[in-house]
Number of protein chains: 6
Amino acid sequence: MQTPADVLIEALPYFREFYGKIVVVKYGGNAMIDETLKEQVMQDIALLHYVGIRPILVHGGGPEISALMKQMGYEPTFVGGLRVTDAATMEIVEMVLAGKTNKSIVALLNRQGAQAVGLSGKDANLIVACKMHSPKGDLGYVGEVARVNPGILNLLVERGYIPVVSSVAIGPDGESYNVNADHVAGHIAAAVGAAKLVILTDVEGLYADYNDKSSLIVDMDVARAEEMLRTGAADRGMIPKLEACITAIEGGVPRCHLIDGRKPHALLIEIFTDQGIGTMVHGSGA
Amino acid sequence: MQTPADVLIEALPYFREFYGKIVVVKYGGNAMIDETLKEQVMQDIALLHYVGIRPILVHGGGPEISALMKQMGYEPTFVGGLRVTDAATMEIVEMVLAGKTNKSIVALLNRQGAQAVGLSGKDANLIVACKMHSPKGDLGYVGEVARVNPGILNLLVERGYIPVVSSVAIGPDGESYNVNADHVAGHIAAAVGAAKLVILTDVEGLYADYNDKSSLIVDMDVARAEEMLRTGAADRGMIPKLEACITAIEGGVPRCHLIDGRKPHALLIEIFTDQGIGTMVHGSGA
Amino acid sequence: MQTPADVLIEALPYFREFYGKIVVVKYGGNAMIDETLKEQVMQDIALLHYVGIRPILVHGGGPEISALMKQMGYEPTFVGGLRVTDAATMEIVEMVLAGKTNKSIVALLNRQGAQAVGLSGKDANLIVACKMHSPKGDLGYVGEVARVNPGILNLLVERGYIPVVSSVAIGPDGESYNVNADHVAGHIAAAVGAAKLVILTDVEGLYADYNDKSSLIVDMDVARAEEMLRTGAADRGMIPKLEACITAIEGGVPRCHLIDGRKPHALLIEIFTDQGIGTMVHGSGA
Amino acid sequence: MQTPADVLIEALPYFREFYGKIVVVKYGGNAMIDETLKEQVMQDIALLHYVGIRPILVHGGGPEISALMKQMGYEPTFVGGLRVTDAATMEIVEMVLAGKTNKSIVALLNRQGAQAVGLSGKDANLIVACKMHSPKGDLGYVGEVARVNPGILNLLVERGYIPVVSSVAIGPDGESYNVNADHVAGHIAAAVGAAKLVILTDVEGLYADYNDKSSLIVDMDVARAEEMLRTGAADRGMIPKLEACITAIEGGVPRCHLIDGRKPHALLIEIFTDQGIGTMVHGSGA
Amino acid sequence: MQTPADVLIEALPYFREFYGKIVVVKYGGNAMIDETLKEQVMQDIALLHYVGIRPILVHGGGPEISALMKQMGYEPTFVGGLRVTDAATMEIVEMVLAGKTNKSIVALLNRQGAQAVGLSGKDANLIVACKMHSPKGDLGYVGEVARVNPGILNLLVERGYIPVVSSVAIGPDGESYNVNADHVAGHIAAAVGAAKLVILTDVEGLYADYNDKSSLIVDMDVARAEEMLRTGAADRGMIPKLEACITAIEGGVPRCHLIDGRKPHALLIEIFTDQGIGTMVHGSGA
Amino acid sequence: MQTPADVLIEALPYFREFYGKIVVVKYGGNAMIDETLKEQVMQDIALLHYVGIRPILVHGGGPEISALMKQMGYEPTFVGGLRVTDAATMEIVEMVLAGKTNKSIVALLNRQGAQAVGLSGKDANLIVACKMHSPKGDLGYVGEVARVNPGILNLLVERGYIPVVSSVAIGPDGESYNVNADHVAGHIAAAVGAAKLVILTDVEGLYADYNDKSSLIVDMDVARAEEMLRTGAADRGMIPKLEACITAIEGGVPRCHLIDGRKPHALLIEIFTDQGIGTMVHGSGA
């Protein structure tokens, strides 16, 4: 049996490796809904901060957007599987993400003794988007990440603040865009030169064949990730996550991880123990 | 007739006086609703920034909160003239203030070429509140400003960012509180050592007798402001604004201004011209 | 009619553009003699400083040198149109430029609330000259600018001082040289990476044909400036000014301006209004 | 059973508390002799460093001094229980402490990936001693700590180096003095404003009655520590350790710990777990 | 006989004592006229700079002012022994001091490889004067030092420049004042916290009885200096020098020296050798 | 005869040249044994420090190692002229060098008012060695310098400390290696970008023919030094010194000096006088 000291000593090489480095965490799924898991993720993030790592948290929405829309009497429309986001919908999305989810995460982190600062992509023009053009019709304010201006993130992490970023972007005329939070995390990881991108999901990791739970991929290079996207082998929900990993790796992030956010303290286990969890994507040369 | 050069030369003593100083602007009323006025205030704030002043913008909500509440089917309740803010209401207040109003101001400022960063009182524990206790009944999440932690504001203004602060505060257990935006502005002005607090209102200024439009007070000291509060001479809407001025002045801010936000570029006129506008409140010794 | 606020708002893009940038102003002609104009130029320079621009002022002499020479009983000699500057003359030139004109400008700027520091080219070896060789005879201590050592200027502007530089240079053996003040301004603008060089003159600007006052050139590129020098199209008094613009532009300064210093606040109008004044010279690619 | 994540989460409040703080560790006893324990202490110190704490290690000699003396043919003499340290003995003491023990600790820490720098009290006049005067006779170069000059320690810890200090001090004429390593640790902890002083010993902690192993004192204030010294209740070997705790606490260190260095990773357990180990001494008010 | 090494070793305690300290040197008398002595003083000042001391040079005029005045046809008038300085005279004084003497010293220092920067009391409002009121009549622009603003001096010495200050001051309305250079040196020494004030004179030092060359005072405290002024025991030419010493000492400068500038390298001998030269004035307690 | 002032003035160009530069001094031979010479070297090093130079002292052992070995009963063995250094010998070497010689130098420098800090090659991994492989047999812990990590040296000299480095290196597994002190000095000079390497020896300098004392080489380039090594023309004791010079020069050090440490204050004479002493080695292009 491991004593507490054993655990800490096992973690030593990881403390050493990530000392002073930035780790971008994409927070979502069950870990964002279940109160116990939520609390645990906040402890994990605070712990990263206190052992000298510089975490940046990126989050999207969740069921809260749909709930509010329903309450306000809106009916969702879809084009090619993507939600049509008209101006009224965008307003709701932004209120929920930047005004509710973001600030609630900030408050939870502050309760752990951290100093979190919530940002949307509008703050200091952090995330600049362009409109997504779908061949199947106008999607409204659905955008794609065009550029990340990381100045404000670097300033905050250097001074010991934990940035919490919601996936709302700013368009060329100051308008809001709804962008994919996984993509935001990938672009931010690349722009700040993160040592790691960790994406919390609701599955164990990536399966070679997603009908076969025994086919979990523990470790793959970026070329295989690209291949899986090309051949459609990846499960639909995993596509933006794989894309985020590819963006990050091409931007110089050495390792990206898809891990199971339903597992208590998955983040700590991934970062500080020898025990492999989830799927790691790394550069082709690594 | 004044040439452009005359105007700039008239402004010279003011440029000199406020060079490198912080000016806190409470933004509200019509200037927040009328699109032209809104645009003008944003230009004014950007101009302050570009001539070497460090503006901090504080805003409350506006009619948007009530509109959203109605749309969601909520009926407001009042106790002693104050809106009872239950948890559901507080959530709406926070979404509107921190997710909609705040981010829309940030986007407008960024279009002027500035780098604005939106904050709520939760970010970096900026505004700490305690529950307001009313003798007439429980008001729910209505709070009073207990403390301002100005570290994040000082960091941002030193680096050339413009902080935009919404009047949501954090309570002892991380819960959200609805606090008066004038009060927030007064406390922030005191905490950062501002050279000025300017409150935009929908009236010309403070009247000695608010039924007599010819009784505008151009200049008064803090003792008279306190007297007006004590004797009930101040118009109800002006009470929190006067309180904010008193908080600021007691905290060391030399001058506070109540000016008419309906007037185009009232802020610039107040700060950069010899033309007196609105009501100035200053320390007793000044 | 423009209100003061309109003027300030019109100036906003210029405040933004020049925020934190260095502007080199060559001060001379009537603006240096007429007391009212002098006062106005000092206000303009102080204003540049207070709106966050970093001005550097370069000046030559004026009628004061000749006046002192006459008073001391010296008779000027000329060779090929250039004044022969023997040791005694050089001493007078230096006393007037560095001891009288320079310090009087410094005092006027200080009265505007600025912190000006007068320098000659000897201070910290700021302007290094070599002897000018004329085919028509020995000119004595007439020099050409060989190099500018901008360290002291950068230090002073970073700390908020306004450097005022007189056109006396230091030679290889520590001797003084009389150098052209326009040339000094051009070399300094290039050496400090100025955003602008503005030369105050006693004419409206540059004329395509200097006998025809309707032929004012509003805007031209550096190639045309070189062409005018080559073909002798430029008025004799404008030659060193054009040369200074070319030096500055080749050294990376994007825009140079020849403006009419007899016009009140010409400097402010040029920098902060949409109204074009004088002649602008810019790089060929611009 | 605790999972690794549980252990880390239990450590979170301690990571938070000691983030960026200095912890002085007095290293001695079996932990300095047993190879496995030695390796573990080095891991523990490296871990402190990597989780953002700033450790300073203080060590004395050990059996190595006596061994070398014997090998060189010296016979120890004692006066009142203290070893008489003549010049030759002092030379041996210094060679062993500063040349062997110190450098071997440095090398072990470096193998853990740290950047350790060995210092004796002579380096940068770190530890200044005066001669100890014994009523029973001349003790030679046995000294008492007179002053600590902590400048070099502060410089090194700020830059991420781990100072390793041997208990040799410098006298008024540059001569070497043998000083008690516990005392050195206490003085250094006070001088650098440490958050903790941890003294590794070969016993469980301090016993109220040292013949009764069930009388371990878990927690006591400084007044009781002083009382125990006065009344002679403390075991002889514990006297300098208690004195060091008192020096540190009077110098502002909030907590001192006497812990059992024979226990694997005692240091980590003391600092990062809820499990109390050894004896804590704290200020009277705490 | 001393070898070069002996000399350097004798200087060691002085190098140590003045390392990084400011020494103010009042330069005047024969050392300012004789070419060989002048060159030697410049070497001495450069040497101070290169061994890590921060010299500030203060100078007045000399025979050059009178010479220029005569050349320009002015006849000096005196009131109570002080030259009446009308506007025309002041202009000449300023031209000579700030434009000729100052810049010539700067050039000589630069030839020694230093980076000297000439300043008059107008630059950055360095020396502020008020008009001197004489009971015997109006003296015109003769002023007394009212205040020194040492900011620019501190900036320059920190960056390794050698400030050279001429004794022209700025009055309340920006007008020039002729002030005593000894007084300027005393005030500057006090304002910058100099370690020494050294005044070069044309006599050996101060005599107890100035008719008796054997009565040289080697060392006296400030009380005796004040006594000598009160009783009129000091030679007339020494009065302002003694006053400067008193100003400096009251402002915290530990030691002031009146030394013989006619003696080659008197400055080096005073500062770097054990050989006492001239008269030292020190605080009463010293 | 030279006066003290003459000596200082002669030194002025050298003060200027080395201001703020690093000079590495290899200390050894008689200057390390003779008490008077030792004291003088310490004065010289302190003097370098106080005149703004940044000295680094490198030393080896000397007769003390052999003395201690004998006292402990060890008999030296040699292979191909190199001492076989088994583990026990290495321990003695390290104790003497890092614990005795090093600390004694530190104490002597501190008595001169300096702040010296002793380092061995283990501290902060300063000197990394690999095992020397001799064709004639195993030499044990005799190493060759593989790499110098100069970070700690740069930190210390910038803050005004004088590093004193003993020639013990750290091997790949943290083991100690005995390395040649001349080689260490050469590598350190190259790694810190020294302006000079000065090696104190017991001879006058390098002789073209070491049997002919009149053949002293005053000045040679690195090509000739390499030639002398290749042809075996250099005296055996000079070989590592010449190698050190070559390492330093190839690493960018402009000048290296072999000087006679038996001569009082040889270091000062070499650095601060026009008098050439010893042998200078410089780059081929110089």
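Student: How many residues does the contact take from chain B, and how many from chain A?
Tutor: Bear in mind that this is a predicted model, where local features need pLDDT of at least 70, side-chain atom pairs count only at pLDDT 80 or more, and totals for chains, interfaces and linings use all residues. Residues are numbered from 1 along each chain as its sequence is written, while chains are lettered from A and ligands numbered from 1 in the order in which they are written. Two residues are in contact if their C-beta atoms, placed from the backbone, lie within 7 Å. On that basis chain B gives 30 residues and chain A gives 30 residues.

Student: Which element gives the largest share of the side of chain B that touches chain A?
Tutor: Helices (H or I, at least four residues) and strands (E, at least two) are DSSP runs, numbered from the N terminus. Helix 4 (87-111), strand 5 (116-120) and helix 5 (151-158) of chain B are the elements giving two or more residues to that side. The largest share, 14 residues, comes from helix 4 of chain B.

Student: What kind of axis relates chains A and B?
Tutor: Superpose the copies by least squares on the C-alpha atoms of residues with pLDDT of at least 70 in both. Chain B then lands on chain A with an RMSD of 0.0 Å, after a turn of 180° and a shift of 0.0 Å along the axis. That is the relation of a two-fold axis.

Student: Which residue of chain B comes closest to the rotation axis?
Tutor: Go by the C-alpha atoms here. At 1.8 Å, the one you want is Gly99(B).

Student: Is Gly61(A) buried or exposed?
Tutor: Gly61(A) sits in the loop between strand 2 (54-59) and helix 3 (63-71) of chain A. Buried takes 20 or more other C-beta atoms (placed from the backbone) within 10 Å of a residue's own, exposed 12 or fewer, and partly exposed is in between. Gly61(A) has 24 C-beta neighbours inside 10 Å, so it counts as buried.

Student: Which strands of chain C stand at the edges of the open sheet of eight strands?
Tutor: Two strands pair if DSSP finds at least two bridges between them. The sheet has mixed pairing and runs 5-8-2-1-11-15-16-14. Two strands have a single partner each, so one side of each is left without a neighbour in the sheet: strand 5 (116-120) and strand 14 (219-221) of chain C.

Student: What is the bridge partner of Lys196(C) in strand 15 of chain C?
Tutor: Strand 11 (residues 196-201) and strand 15 (residues 255-260) of chain C pair in the parallel sense over six bridges. Lys196(C) has as its bridge partner Arg255(C).
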